Amino acid sequence: MKHYHKLQKELAAQEEKYLKLLAEKTELEYRLSAQSEEVSYARKQESDIRSLHQSVRQLKHDMKNHLMVLASYLNSRDYEAAKAYTSEIMDKLNLMHSYIETGNSLLNHILNEKLELARSYGISVRAEIETLSFAGMRSIDFSALLTNLLDNSIEASKKEPAGELSLHIFQERGYDAVSIKNKIGKSVLEENPDLHSTKKDKEQHGIGISQIKEIVAAYDGICDFYEKDGYFCSSVFIPQ
């Protein structure tokens, strides 16, 4: 009997060691995955910045020619042609957007990719970004949260004749916060106050709402969806 109890203790000890090693292995795998993602985002960021610099160099090279053409129109008093040519130059400039640099490679990647997507649909974008780390969140959760918030807003804005999207990332009273609003032609909450993900709602704000709520709840955060002054507003607050 004593030998049996001894074996049981040894087995329990080995099981405890195994579970500890398994937990350490899982943590190391998560860290490796997170670091791999960071490297991937950093490489994408480097590529985006190189592309932006190349566009700026090209613009500087072309500007001299643009000014010569404008001077020619003005000297010949062809003001309508000068106005039209100036408008073309402004259209090209509007297609160029500065790279958002926050100090957080994951945040950089998501913001630049999604805001560029919004602009490609003709959505007017305004962003006010504070340098926040969202250090209390796992990268995979933060990515899912911000991506879903932006995708919802972009999908809804695509339906509007003149889509507008405003993004604000800021710090408030011990929270890292994200606030996004987009212009709406009619109330979304009147038709679907709980924002259920039905086929109809997926064309507006139903995409990912449940996932957003689950992620925010997992971090004891706060989320709010409301309408104000013709805008649909989404706000989340994650404790620091």
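**Exposed sites and the nonpolar core**

Q: In which helix is Tyr18 found?
A: The structure is a predicted model, in which local features need pLDDT of at least 70 and side-chain atom pairs pLDDT 80 or more, whereas totals for chains, interfaces and linings use all residues. Residues are numbered from 1 along each chain as its sequence is written, and side-chain values use heavy atoms, without hydrogens and water. Helices are DSSP runs of H or I with at least four residues, and strands are E runs of at least two, numbered from the N terminus. The run of residues 2–75 that contains Tyr18 is helix H1.

Q: Is Tyr18 buried or exposed?
A: Relative accessible area under 20% means buried, over 50% exposed, and in between partly exposed (1.4 Å probe, protein chains only). Because Tyr18 has 52% relative accessibility, this residue counts as exposed.

Q: What is the phi of Asp229?
A: Most residues other than glycine have a negative phi. Asp229 is in the loop between strand S4 (222–228) and strand S5 (231–239). Although Asp229 is not a glycine, its phi is positive, at about 50 degrees.

Q: Which element gives the most residues to the largest nonpolar core?
A: A nonpolar core joins buried Ala, Val, Leu, Ile, Met, Phe, Trp, Tyr and Cys residues through side-chain atoms within 4.5 Å. Of the 37 residues in the largest one, Leu145, Leu167 and Val178 touch the most other members. The elements giving two or more residues to this core include helix H3 (105–120), helix H4 (139–158) and strand S2 (164–172). With seven residues, the element that gives the most is H4.
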